[in-house]
Amino acid sequence: MTPRTATLIGLTAILMWSLLSVMTVATGKIPAFQLAAMTFAIGGLVGLLTWIGRGEAAKSLRQPLAVWTVGVGGLFGYHALYFLALRFAPPAEAGLLNYLWPLLIVLFSSFLPGERLAVHHIVGAVLGLVGTVLLFAGNTSGFAPGAVPGLIAAFIAAFVWATYSVLSRRLKAVPTDAVAGFCLATALLAALMHGALETTVWPETALQWISVIGLGIGPVGAAFYAWDIGMKRGDIRVLGAASYATPLLSTGFLIAAGFAKASANIAIAAVLIAGGGLIAAKDMVLRKR
């Protein structure tokens, strides 16, 4: 697999994650950790189904403790912190702090062997950040002192996801099949958190069930396998900068579904984020075939 192909596969994860908000809204009032347990279990099953006919795939679970710590710590740690952020802090502010992770991925990639961070990578990532700030502008309303723990959790979550993503590159020898095990372990931990903190609420309609299954197959399933391939074999700097398209596309899908309204801020943010992504991907876009 060429780096270009791996990067394109990684970009599909960004597209799938942009559906996360609208599909989550469609699941109804299922508690956060219960929804995580259900969808990560489905996501793990998606990975296991790809093992059919490949008996050697099960060997991918035989990894050192450090690998499991990175994998499960990244998936469960990030989502637990983000859910905590949404519980205590206003969604807009929490989301804005959380979306530091694309910029952090671009910056952290400079510490990887053989990776070179060029000016256009930084410019692209910063433009994406500015576009994201503009996207959230007008939706912020300040925060009470009680929101501080949630804001801190959102900030740490950004570092957790960026660290997990970049360390995936260092663990390039670990097959993507192992992500199925990370998803199942995350589902178990989320179920334990649900049992301790939440009251079970099952989907009430066929649409809600379909949305839960869809989340598990796509944004909380296939997306993590695609992201793993992109991080390990693709252009990590391009993927980091392009990740700012997630909140923009997510807002677009919410508008299309009638859950949000279009605005001038969104249009300007679209130009900044798209432009930033193209600048960061300059080498890949202009590469001679």
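**Helix α4, its partner α8, and helix α12**

The crossing of α4 and α8 is left-handed. In this predicted model, the two helices pack with their axes 8 Å apart and at an angle of about 160°. Because angles over 145 degrees count as roughly antiparallel, α4 is described as roughly antiparallel to α8. On the α4 side, the contact involves residues including Val 70, Gly 71, Gly 74, Tyr 78, Leu 81, Ala 85 and Phe 88. The α8 side contributes, among them, Gly 150, Ala 153, Ala 157, Val 160, Trp 161 and Tyr 164.

A closer look at α4 itself is helpful here. This helix covers residues 65–88, 24 in number, and reaches 32 Å from its first C-alpha to its last, close to the 34 Å expected. The helix bends by about 35° at Gly 73, a residue that also takes part in the contact with α8. Buried residues of α4 include Val 67, Val 72, Phe 76, His 79 and Ala 80. Gly 71, Gly 74, Leu 75, Gly 77, Tyr 78, Leu 81 and Ala 85 are likewise among the buried residues, and each of these belongs to the contact with α8.

Attention now turns to α12, which spans residues 245–256. Its end C-alpha atoms are 16 Å apart, which agrees with the 16 Å that 12 residues should span at 1.5 Å a residue. Within this helix, Thr 246, Pro 247, Leu 248, Ser 250, Thr 251 and Leu 254 are buried. Just after α12 comes Gly 258, whose phi is positive, at about 85°.

Definitions and conventions: Residues numbered from 1 in each chain as written. Predicted model: local features only at pLDDT ≥ 70, side-chain atom pairs only at ≥ 80, totals over all residues. Heavy atoms only, no water. Helix = DSSP H or I, 4+ residues; strand = E, 2+ residues; numbered from the N terminus. Expected span 1.5 Å × (residues − 1). Bend = angle between axes of the 7 residues up to and from the residue. Buried < 20%, exposed > 50% of the residue type's maximum accessible area, 1.4 Å probe, protein only. Axes fitted to C-alpha atoms, helices over the stretch in contact; angles between N-to-C directions. Parallel < 35°, antiparallel > 145°, perpendicular 65-115°, else oblique. Left-handed = near helix turned anticlockwise from the far one by under 90°. Contact = heavy atoms within 4.5 Å.
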